[in-house]
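User: Hello! I am new to this structure and would like to learn why its parts are described as they are. Could you take me through it?

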Amino acid sequence: MGQLDGKVAFITGAARGQGRSHAVLLAQEGADIIGLDICEQVATVASPMSRQKDLDETVALVEKTGRRMIGVKGDVRNRADIQRALDLGLAEFGRLDIVLANAGILAFGLKPYARSEQAWQDSLDVMLTGTWNTLQLTAPILVEQGQGGAIVVTSSSVTRQCITTNFDGGFDGYHAAKYAQVGLMTAYAGRLAEYNIRVNTFHPSGVATPMIMDGHFGTWAEENPDYTVANALPVAWMEPIEASQVILFLVSETGRYLTGQDVFADAGQTNG
């Protein structure tokens, strides 16, 4: 018996990194998965982004657990893509219980002001508007089902850090979006509580995913030492599975009384 037997989870940014890890762990606990990922490069993101083969691999990993997954190529900035994934998932699985608004980008440039306006806009569009699109399309499904549910928005530990700008549009956009996600969470948690639908934000430390473990982010960190923060605990990075275990707690019965919370699992990064 798994903690999520009979449940169905919708995960954005599911092709790799945290999204893949969440999909596999939730499947191991009994959930079927609807996964959405852009599987393309956003022009202002220097690090290589996911591809179709990554999403296919996530589907295969989920299927190895004995559960099912529908993997859909789509962009959270486009409501029609999200709706298509949900329609396919509901047709296949018949329900929705868990929503993980996980899709995100790092559009940090090596030179401040370089493509700054577009990097700002891409960051807000993916992480803020994309989260709003996801909430707008999934909340009515959960309400109509009348059986409760759990929504988790992946934010960041930056929302409790005092880090000044380096005038990079992607850097600024990332911070602005992650702060604003907390506001969305609070609003939706308040509105959906009467339906036993819980909404929280998850704030991890740096997680060892392809998005940040590539050469570009390492170079950026070296050239911008004033804008990186170390963990208090003696660990450089969280592993994706460690982030997924927090997500499992938030969406399972053990977390049934948590809603409207910004949940930090940041290795002490925001201490002090």
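User: Why is cysteine 39 called buried or exposed?

Analyst: This is a predicted model, in which local features need pLDDT of at least 70, side-chain atom pairs count only at pLDDT 80 or more, and totals for chains, interfaces and linings use all residues. Residues are numbered from 1 along each chain as its sequence is written, and side-chain values use heavy atoms, with hydrogens and water left out. Buried means under 20% relative accessible area, exposed over 50%, and partly exposed in between (1.4 Å probe, protein chains only). Cysteine 39 has a relative accessible area of 5%, so it is buried.

User: Where is cysteine 39 found, and what is its phi?

Analyst: Cysteine 39 sits in the loop between strand 2 and helix 2 (52-64). Helices (H or I, at least four residues) and strands (E, at least two) are DSSP runs, numbered from the N terminus. Its phi is positive, about 55°, although cysteine 39 is not a glycine.

User: What makes phenylalanine 167 buried, exposed or partly exposed?

Analyst: Its relative accessible area is 48%, so phenylalanine 167 counts as partly exposed. Phenylalanine 167 also has a positive phi, about 70°, without being a glycine. Its place is the loop between strand 5 (149-154) and helix 5.

User: How do you know whether alanine 232 is buried or exposed, and what does it touch?

Analyst: With a relative accessible area of 53%, alanine 232 is exposed. Alanine 232 lies in the loop between helix 6 and helix 7 (240-251). Contact means heavy atoms within 4.5 Å; leaving aside neighbours within four places in sequence, alanine 232 is in contact with Ala267, Gly268, Gln269 and Asn271. The C-alpha atoms of alanine 232 and glutamine 269 are separated by 5.5 Å, though the two are 37 residues apart along the chain.

User: Why is valine 207 called buried or exposed, and which residues is it in contact with?

Analyst: Valine 207 has a relative accessible area of 4%, so it is buried. Found in the loop between strand 6 and helix 6, valine 207 is in contact with Gln18, Ile212, Trp237, Met238, Glu239 and Pro240, leaving aside its neighbours within four places in sequence.

User: And tyrosine 174, buried or exposed?

Analyst: Tyrosine 174 is buried, because its relative accessible area is 13%. This residue of helix 5 touches Ile105, Leu106, Phe108, Ser123, Met127, Ser156 and Val158, not counting residues up to four places away in sequence. Tyrosine 174 and phenylalanine 108 are 66 residues apart in sequence and 8.6 Å apart in space, C-alpha to C-alpha.

User: Why is helix 1 said to be largely enclosed?

Analyst: Eleven of its twelve residues are buried, so helix 1 is largely enclosed by the rest of the structure. Among the buried ones are Gly17, Arg20, His22 and Leu25.

User: How do you know that the reach of helix 1 is close to the expected one?

Analyst: The expected span of a helix is 1.5 Å times one less than its number of residues. Helix 1 (residues 17-28) reaches 17 Å from its first C-alpha to its last, close to the 16 Å expected. Glycine 30, with a positive phi near 110°, follows helix 1.

User: What makes a nonpolar core here, and which residues touch the most other members of the largest one?

Analyst: A nonpolar core is a set of buried Ala, Val, Leu, Ile, Met, Phe, Trp, Tyr and Cys residues joined through side-chain atoms within 4.5 Å. In the largest, of 46 residues, Phe10, Leu96 and Ile151 touch the most other members. Elements that each supply at least two residues of this core include strand 1 (8-12), helix 3 (79-93) and helix 4 (116-145). Apart from it lies another core, of 32 residues, among them Ala9, Leu55, Leu100 and Ile247.

User: Why is the protein chain called as compact as a globular protein of its length?

Analyst: The protein chain has seven helices and seven strands. Its radius of gyration (taken over C-alpha atoms) is set against the globule rule, 2.2 Å times the number of residues to the power 0.38. The value is 18 Å, close to the 19 Å that the rule gives for 272 residues, so the chain is as compact as a globular protein of that length. Of these 272 residues, 57% count as buried.

User: How confident is the predictor, and where is confidence lowest?

Analyst: pLDDT is the predictor's confidence in each residue, from 0 to 100. The protein chain averages 92, and 92% of the residues score at least 70. Confidence is lowest in helix 6 (residues 215-223), at a mean of 64, and highest in strand 1, at 99.
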